Each structure stands twice: as C-alpha cells, then as structure tokens.
Amino acid sequence: MVPPAALERSATAALRQQVRGFLAEQLAAGTFTPSIDSWLSGWDEDFTARLAQRGWIGMTVPKEYGGHGRSFIERFAVTEELLAAGAPVAAHWIADRQIVPSLLKYGTEAQKREFLPAITAGRCFFGIGMSEPDCGSDLASVRTRATKVAGGWHISGTKLWTSGAHRAHAFIVLARTAPLDPTHRHSGLSQFIVRLDSPGVTVRPVISMNGRHHFNEVVLDDTYVPDVMVFGKIGDGWHQVTSELSFERSGPERLLSTFPLLAACADAEEAQAISRDTNLGRLVARVAGLHQMSMAIAGALERHESADVPAAVVKVLGTTTEGDIADFADLHVGDDNTVGPAIRQLAAFAVDQRPGFTLRGGTNEVLRGVIARGLGIR
C-alpha cells in the first residue's frame, strides 16, 4: 500500500510537470518573456485567462463557488513554477493569493458567490487598500474614515502603493469606523470592498524610478459603499488584516522574485561566461531552504493553523535573499557583453526593484519586531 503522503507528492510532481510543459509551450510561442518581479509588474490578462482555462487560478476555492477544491500544497506547486519561470501573473495575483482565502473566511455568502467564480475564471482583479501616506508600516495609524449613512457608509481617505489599482475592479479598504483610542490603537478598524469605478474614487499613478507603473495612490472622497460590501465584522478589521498577512508574507513570491536571474547566472557560470563564485552555490542553497519553509507554511494554512510568525520569518529571509541575488548579478554581469543582453536586462531590472523587496508586505525592520514578540523575546 502506498502511503497517502507519497501519493500526494506524486500528484504534486505530476502537476509541476504539467505546468512546466505549459510554460515551455508558451515560451516557444513567444507569449511572454521571463521577468523579474513578474507577480508584481507582469500584468497580462490573456495569460491569466489561459491559466484559468487550465484550472490554475482559484485552485483552493470550493467547487460550489466555481473553484477546483484543490489543496494549498497543489496551489503552491503551481505558483512556484510560474514564478520560477518569470511568467506574467500580476493580473490575478492579489485576488488569488489574498482575496480568495479572505473571502472564504470573512465574506458573506453573497460576496462569495459574486466574486469567487469571477476570480477563478480570471475575470475579476483586486487590489489591497492598507498602506497610507505618512503611516509607514504602522497600520494602526490609518486615517481613512468610514462614516455610517443610510444603507451604507461614506469612506474618505488616501491609500498608497496599491498595486494594479488602475486596472483592477475592486480593492479591500481598511478604514476607521470609530475614533482612535490611544490606549487601544487596534480597535475601531473595519474593512470594506470598494469598487474602483465607484463615484468619488480617483486613481493616481505612482511611477517607479525605472519608469514602470504598477503602484498607485487611490483617493476616496465620500465614496459610498453599501452595507452589503462591509467585509467581515465592523470593528474587527485589525484581526482580519493580520490574518490576511500570513498569506501575503509567506508565499513563494517572497523568495522567487529574482529566481529567473539566479537561474540565468547559474547557466552563465556553467558556460564560463561569468567567473565561478561559491556565493552562487550559497544563494541556491538559501533558496532551497526557503522553499521548504514556505511550503511548510502552506501546509499549516491548509490546516487552519496560525502562521503569523513563521510567515514573517520567511518574508524577512526570503526578501533578503532576493536582494542578495540582485547584488550578485550586478557584481558579476554588469556591462559584460559576453553574457548576452537577456541576463543583463534581468540584472538591471532586479537592481531597480531591489529597494522594494524588503519594504513591501511590511518592512523587514518591523517584521523583526513581530518575530521577536512572537518568540517571547523582550
């Protein structure tokens, strides 16, 4: 008799081969070019539609909501292969990674039936409205306010660094529904689903230093949100947000954003196009270890176990490694024409993106405090 765990590993290995075959076909057809940070900047709705057709979006969504009822580990395998290939997955990434589990946990039945089938079909894209100007990583200091009115709420405030808001259909907004209590700063916060085409919503681009546009500032000016779009419970926003962050911080995107560059450097070293360096092997080993850690958290989330501290550990170590890969490539590739233009382009983009690796999803400095408190270190 084959043990269940062995059967699961076999099924996951077969799934990985399917994804790799699909990616090889897409590369041969020229439908995408491998990129750094493809989950953030690689917005391609046609590619998303092709993934949806194969059942690789909304994998963990129950079949009753139009999903596929597959495991977190299976989803992990698919997303890892897509990231390793540098595939353009930004269009559906936030909706599939973060909004899906949040809807399943906190959404009303009507919200689940409206959004989950559309997300799974690759037709509905979401953003996240947490960060604000001058608030840094201190979510408890948000100033966006929601005021109760007949049948709903009026929301006013500004959200910053909202990825894909200029193309997404909606985002989940964290707002104050009660005055700030200095002694209980995490109370009085609530979440709302806000459609980005609503009256009073203005989306302004935030252009990165390399000229790319994926971040935005979203201004809400007395935007009306009906009661049916309250997300979760009024006043329970802090608990909900911190629960969501386990999904945001622990995924393979926190360690594989620069993997296409790491693979290209390994190929270049093997071809003797760049000098041998033992640090390359160390980087590969770090990624391998982080893969195991991230996959273990996926298993914990599937068992509905708390993973806040482990997720923070993966985020800190993973994004640091991503940056070290960019530095390694910058040192060894530079303007060397012997390595070819593709790897030089990957290296240049990685260096551009490097400052953001340890900032997004909560700065590593703040997360070290989360880890210390979680471990009981004073």
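Helices here are DSSP runs of H or I that are at least four residues long, strands are runs of E that are at least two residues long, and both are numbered from the N terminus. The model shown in these figures is predicted.

**Figure 1. The whole protein chain, with its 12 helices and eight strands.** The radius of gyration of the protein chain is 21 Å, close to the 21 Å that the globule rule gives for 378 residues, so the chain is as compact as a globular protein of that length. Its C-alpha trace spans about 70 × 50 × 45 Å along the principal axes. Of the 378 residues, 53% count as buried, and the chain exposes about 16,600 Å², of which carbon and sulfur atoms supply 55%. If one considers the contacts between residues at least 6 apart in sequence, 74% of them join residues at least 24 apart. The chain carries 37 positive and 41 negative charges, and the mean positions of these two groups are 4 Å apart.

**Figure 2. Close-up of the aromatic pair formed by tryptophan 43 and phenylalanine 125.** A pair of aromatic rings is described by the distance of the centres and the angle of the planes. Nine aromatic pairs are found in a search of the whole structure. In the pair shown here, the ring centres of tryptophan 43 and phenylalanine 125 are 5.5 Å apart and the planes meet at 75°, so the pair is edge-to-face. Tryptophan 43 lies in the loop between helix 2 (38-41) and helix 3 (45-53), while phenylalanine 125 lies in the loop between helix 6 (109-120) and strand 1 (126-129), so the pair ties together parts that are 82 residues apart in sequence. Both tryptophan 43 and phenylalanine 125 are buried.

**Figure 3. Close-up of the aromatic pair formed by tyrosine 106 and phenylalanine 231.** The centres of these two rings are 6.4 Å apart, with 75° between the planes, and the pair is edge-to-face. Tyrosine 106 belongs to helix 5 (residues 90-106) and phenylalanine 231 to strand 8 (residues 230-231), and the pair links these distant parts of the chain, which are 125 residues apart. Tyrosine 106 and phenylalanine 231 are both buried. Aromatic residues are also found in a cluster, which is formed by Phe22, Phe32, Phe47 and Trp56.

**Figure 4. Close-up of serine 294 in helix 9 (residues 278-302).** The relative accessible area of serine 294 is 1%, and because buried means under 20%, this residue counts as buried. When residues up to four places away in sequence are not counted, serine 294 touches Phe76, Ser250, Gly251, Pro252, Leu255 and Val314.

**Figure 5. Close-up of glutamate 302, which also has its place in helix 9.** Glutamate 302 has a relative accessible area of 29% and is therefore partly exposed, since this class lies between the limits of 20% and 50%. Residues touched by glutamate 302, apart from those up to four places away in sequence, are Ser71, Phe72 and Ile73. Glutamate 302 and isoleucine 73 are 229 residues apart in sequence, and their C-alpha atoms are 8.1 Å apart in space.

**Figure 6. Close-up of isoleucine 99 in helix 5.** Isoleucine 99 is buried, with a relative accessible area of 1%. Leaving aside neighbours within four places in sequence, its contacts are with Ile94, Ile119, Phe126, Gly127 and Ile172. Phenylalanine 328 is 229 residues away from isoleucine 99 along the chain, and the C-alpha atoms of these two residues are separated by 35 Å.

**Figure 7. Close-up of aspartate 37 and tryptophan 161, two residues with a positive phi.** Aspartate 37 has a phi of about 55° although it is not a glycine, and it lies in the loop between helix 1 (4-29) and helix 2. With 0% relative accessibility, aspartate 37 counts as buried. Tryptophan 161, likewise a residue other than glycine, has a phi near 65°. Its place is in the loop between strand 3 (152-159) and strand 4 (170-176), where tryptophan 161 is partly exposed, with a relative accessible area of 46%.

**Figure 8. Close-up of aspartate 308 in helix 10 (residues 308-332).** Aspartate 308 is partly exposed, with a relative accessible area of 35%. Its C-alpha atom is separated by 31 Å from that of aspartate 44, and the two residues are 264 residues apart along the chain.

Notes: Residues are numbered from 1 along each chain as its sequence is written. This is a predicted model: local features need pLDDT of at least 70, side-chain atom pairs count only at pLDDT 80 or more; totals for chains, interfaces and linings use all residues. Side-chain values use heavy atoms; hydrogens and water are left out. The radius of gyration is taken over C-alpha atoms; the globule rule is 2.2 Å times the number of residues to the power 0.38. Buried means under 20% relative accessible area, exposed over 50%, partly exposed in between (1.4 Å probe, protein chains only). Contact means heavy atoms within 4.5 Å. Accessible areas come from the Shrake-Rupley method with a 1.4 Å probe; for residues, only the protein chains shown count as cover. Lys and Arg count as positive and Asp and Glu as negative; His and the chain ends are not counted. The place of a charge is taken as NZ of Lys, CZ of Arg, CG of Asp or CD of Glu. Rings of Phe, Tyr and Trp (its six-membered ring) pair if their centres lie within 6.5 Å; planes under 30 degrees apart count as stacked, over 60 as edge-to-face and the rest as tilted.
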